[in-house]
Amino acid sequence: MQSLEAELETARSLAVSELADAIESIGFECTRCGACCKADDEDPHTATIFPDEIRDIQQTHEYDWRDVARPMPYGLDDGAGETFEWAIQTTGCGDCSFYVEADGEGACSIHDDRPLICQTYPFSVALGGTSQPMGEAVDQAGMVRAHECEGLGRDISRDEAEALAAALKERAIRELEEAIGVRDNYTGTTPDDGDIVVHDSEGAKQVDGTPVDR
């Protein structure tokens, strides 16, 4: 595997037109089924969200940090300890907090401000250090991976494919920049009993997004 820095340079050099070609060859149209916004029996809903995306949603919609994001649950022991990165906040039943449903169709209450991972689902870029949402890929064309979604295989216009490809490239770059930032800013902490410390690219934070006192 290449270093994160080498993968980042590869991500920056990706041609949007080639990513769009791959997306067109796979095909996609959102059916508004809501599956990517809801928890299932096997996997919790853990869509990654970047710190600046959290702040943008906060400012636009006047939310508290904890309304927007929660600590990524992986690595926590009985809901406490240290973890890396943030996940979009969920409801008591595990669905995305911003998912709404009406007349049998799903929608996003912050659609215009939704995070990059939501803008680009069900696709990801096949680079080390980038995430694969909702499990392993079910299809791939060039550098583009496609993940489980009932909208795959449907016709997509060139304009839509290019817009999706541009967002996908941006997301790949941001994921790698975030991974490098997490690595470079990580300093081990010892949370008090029952507490959680989240390490992101900006350093160690409490669950409300404020820095951990050193």
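Leaving aside its neighbours within four places in sequence, which residues is Thr83 in contact with? I would like to begin there, and I should say at once that what we are looking at is a predicted model. Once those sequence neighbours are set aside, the contacts of Thr83 are Pro71, Met72, Tyr74 and Leu76, together with Ile196, Val197, Val198 and His199. Thr83 itself lies in strand β3, and it counts as buried, with a relative accessibility of 2%. Its side chain also reaches the backbone oxygen of Tyr74, at a distance of 2.9 Å.

Let me turn from that residue to the sheet around it. Strand β3 belongs to an open sheet of three strands, ordered β3-β10-β11, in which the pairing is mixed. The edges are formed by β3 and by β11, residues 203–205, each of which pairs on one side only. From one strand to the next the twist averages 30 degrees. If we look at β10 and β11, we find that they run antiparallel and are joined by three bridges, and here Asp200 stands opposite Gly203 in β11. Across β3, β10 and β11 lies helix α6, which runs at about 120 degrees to β10.

My second topic is the aromatic residues, where a search of the whole structure finds four pairs. I will describe two, including the pair of Tyr63 and Phe98, whose ring centres are 5.6 Å apart and whose planes stand at 50 degrees, so that this pair is tilted. Because Tyr63 lies in the loop between α3 (51–61) and α4 (65–68), while Phe98 lies in the loop between β4 (86–88) and β5 (99–102), the pair ties together parts that are 35 residues apart in sequence. Tyr63 is partly exposed, at a relative accessible area of 30%, whereas Phe98, at 5% relative accessibility, counts as buried.

The other pair brings us back to β3. The rings of Phe84 and Tyr186 have centres 5.5 Å apart and planes at 40 degrees, so this pair is tilted. Since Phe84 lies in strand β3 (residues 81–84) and Tyr186 in the loop between α6 (158–185) and β10 (196–200), the parts that this pair ties together are 102 residues apart in sequence. Phe84 is partly exposed, with a relative accessible area of 41%, and Tyr186 is partly exposed as well, with a value of 36%. In strand β3, then, we have seen Thr83, which counts as buried, and Phe84, which is partly exposed.

Key: Residues are numbered from 1 along each chain as its sequence is written. This is a predicted model: local features need pLDDT of at least 70, side-chain atom pairs count only at pLDDT 80 or more; totals for chains, interfaces and linings use all residues. Side-chain values use heavy atoms; hydrogens and water are left out. Rings of Phe, Tyr and Trp (its six-membered ring) pair if their centres lie within 6.5 Å; planes under 30 degrees apart count as stacked, over 60 as edge-to-face and the rest as tilted. Helices (H or I, at least four residues) and strands (E, at least two) are DSSP runs, numbered from the N terminus. Buried means under 20% relative accessible area, exposed over 50%, partly exposed in between (1.4 Å probe, protein chains only). Two strands pair if DSSP finds at least two bridges between them. Axes are lines fitted to C-alpha atoms, for helices over the stretch in contact, and angles run from 0 to 180 degrees between N-to-C directions. Contact means heavy atoms within 4.5 Å. A polar contact is a pair of N or O atoms within 3.5 Å; within protein, one must be able to donate a hydrogen and the other to accept it, and residues adjacent in sequence count only if both atoms are side-chain atoms.
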